[in-house]
Amino acid sequence: MSSEIIVKNLYKSFTTKDNQVDALRDINLVVDSGDIYGIIGMSGAGKSTLVRCLNFLEKPTSGEVWVEDKNLADLSEAELRAARRNISMIFQGFNLLMQKTVLDNVCFPLELAGVRKNQASAKARELLETVGLLEKANAYPSQLSGGQQQRVAIARALASDPKILLCDEATSALDPQTTASILSLLKEINEKMNITIVIITHQMSVVQEICNKVAIIENGEIVENGYVADIFSHPKSNAAKELILRGNSDSDHTVSLLNESRKIRIVFSENSSFEPVVANMVLKFNTPVNILRADTRNVGGTAKGDMILGLPEDENLQEDLIAYLKERGLAVEEVTGDV
Amino acid sequence: MFDNKVIMMLLEGIRDTLYMTLVSTAIAYVFGLPLGILLKVTSADGLKPNKIIYRALDLISNVVRSIPFLILLILLIPFTRLLVGKSYGSTATIVPLVVCAAPYIARMVESSLNEVDPGVIEAAKSMGATNFQIVTKVMLVEARTSLIIGATITTGNILGYSAMSGTVGGGGLGDIAVRYGYYRWETGIMIITVILLIILFQIIQNLGMKIAGNMDKRK
Ligand SMILES: Nc1ncnc2c1ncn2[C@@H]1O[C@H](COP(=O)(O)OP(=O)(O)OP(=O)(O)O)[C@@H](O)[C@H]1O
Ligand SMILES: [Mg+2]
């Protein structure tokens, strides 16, 4: 197996007006061909800075980045631009051109490379087919949902036939169901097109779902890296333990709580964590619910579990909440008696 | 009072005003647009930050913009004579209008380009776009609605300034208003020219805003 990306002793610091931020310190990383490599860490840990160093959108202060056996620091501006066509990138905010149609967005990397218009649009159509959005070819990004926009961004990223796809929080703006579908699309791309993927995330569930390797980054340093399975079974660093714990923080808590008028059990069987559903529901209806009990297990990298919620007293509101949960594909059942 | 002579004069006034306004706007954009792009590109968060160029452009644009138009018009008389051979009439008025408008346009263009989502520019960079491609294919395209609104406002302003230049023999509707209204006390003709100016202004505004709205695909 050959290595696609090798990072050696990479340091990056930013000098601002009144101080210096050491965003990355002594990063060493090897991403092999075919990997789906997760880089996980808390906000401000340096994840975005690191991923932007991998295509030299950010130039390291010191250290080396090798991509496909080329030291990026040795490349001229023009060579670097050519190398970037091999390293596509998708973003949390999708970053589509809002004034261009979906089709023109996907054609854009080809247009930049000087590919002829009809050739480019044939390729773009093919890719839109792959991401399941061919019928939206003539729509504008503002007419699409977040998940659809990210699919367009993925199609666009694939247009230049890259070897590597960098994803900076590509699913952070999406709800759990859409996240799951984008992740499975990425997995499919990895397998069928043989594209190496680097995924930046702050959600352990994303790593569990599709990554084979992971690096945990804390305060600009990699504290632990290796195969996902190993790290999950034997986390060494505190950061790893914390992230794993937080990812499963709801396992087997029994909380005795106040006088709910009605209790329901929601069963989670899709590939994702249910926490955001509940959080989103609370935000949407602007009402608190009590999590009386929650239990999740990871079955072959898939989150399964159930949760018992205590609903507020208002009966209409209760029905709305239940309808909301059902809409999101969760099984809902009544619970009577003590939890 | 409204014999054929007056009507002819008013029609010529409209023609001259439109001529001054539109030609000045076009020429002012020839200078202002590249300057605005240069301001954006050389700014601290631009594609090629360059403090010296940015500060120089910034200073020039601020100085020119702080000179009142009528004073600029008088200051520029020798320069105008040099360029067009005389210092009065519609064609001569185009010179100070362009000098006055170009720095405004540069600022307007800079601020339109500032509205472009930095994430989209970063995405283009990650695709291997050159800086030239980023300017022409990303920034100008994404900012087009805002640029057209800016051009509409600028055209309206230039229309107003062209009327002001009437006070010193600049030609067009403003000139007529001053000659008849101020020197001859023919209030009727003055009011007509003012109404014509308002109508022209409205047409320009509505047209510009409509074009901008139709081109905006963000909604
Ligand atoms: N251009 C910059 N100038 C100064 N400091 C910066 C710059 N970019 C990043 N930093 C700093 O570097 C550190 C790492 O930032 P980075 O964006 O890489 O974090 P992150 O892990 O991606 O966080 P998040 O999850 O919030 O996106 C932060 O302390 C940030 O303030
Ligand atoms: Mg980030």
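A residue is taken to be near a molecule if one of its heavy atoms lies within 4 Å of it. In this predicted model, 13 residues surround ligand 1 on that basis, and the closest are S43(A), G44(A), K47(A), S48(A) and T49(A).

Several polar contacts help to place the ligand. A polar side-chain atom of S43(A) sits 2.6 Å from an oxygen atom of ligand 1. From the side chain of T49(A), an N or O atom comes to 2.5 Å from an oxygen atom of the ligand. The backbone takes part as well: a polar backbone atom of A45(A) is 3.2 Å from an oxygen atom of ligand 1. Taken alone, ligand 1 exposes 630 Å², of which the protein buries 61%. Two elements of chain A, β2 (20-32) and α1 (47-53), give two or more residues each to the surrounding shell. The largest share, 3 residues, comes from α1(A). By residue class, the shell divides into 5 nonpolar, 6 polar and 2 charged residues.

Strand β2, met above in the ligand shell, also belongs to a sheet. Here 4 strands of chain A form an open, antiparallel sheet in the order β2-β1-β4-β5. Because β2 and β5 (70-71) stand at the edges with a single partner strand each, one side of each has no neighbour in the sheet. The link between β4 (residues 62-67) and β5(A) is antiparallel and spans 2 bridges. One residue pair can be picked out here, with V67(A) having K70(A) in β5(A) as its bridge partner.

A further sheet of chain A is open too, with 6 strands in the order β6-β7-β8-β3-β9-β10 and mixed pairing. Its edges are formed by β6 (87-91) and β10 (221-227); each has a single partner strand, so one side of each is left without a neighbour in the sheet. On average, neighbouring strands of this sheet are turned by 15 degrees against each other, direction ignored. In general, strands of a sheet pair through backbone hydrogen bonds, in either a parallel or an antiparallel manner. Within the present sheet, β3 (residues 36-40) and β9 (residues 213-218) of chain A run parallel and are joined by 4 bridges. Across this pairing, G38(A) stands opposite V214(A) in β9(A).

Helix packing completes the picture of this sheet. Helix α6 (residues 176-192) of chain A lies across four of the strands, namely β3, β6, β7 (164-168) and β8 (196-201). The helix runs at about 155 degrees to β8(A).

Terms used. Residues are numbered from 1 along each chain as its sequence is written. Chains are lettered from A and ligands numbered from 1 in the order in which they are written. This is a predicted model: local features need pLDDT of at least 70, side-chain atom pairs count only at pLDDT 80 or more; totals for chains, interfaces and linings use all residues. Side-chain values use heavy atoms; hydrogens and water are left out. Two strands pair if DSSP finds at least two bridges between them. Axes are lines fitted to C-alpha atoms, for helices over the stretch in contact, and angles run from 0 to 180 degrees between N-to-C directions. Contact means heavy atoms within 4.5 Å. A polar contact is a pair of N or O atoms within 3.5 Å; within protein, one must be able to donate a hydrogen and the other to accept it, and residues adjacent in sequence count only if both atoms are side-chain atoms. Accessible areas come from the Shrake-Rupley method with a 1.4 Å probe; for residues, only the protein chains shown count as cover. Ala, Val, Leu, Ile, Met, Phe, Trp, Tyr, Cys and Pro count as nonpolar, Asp, Glu, Lys and Arg as charged, and the others, Gly among them, as polar.
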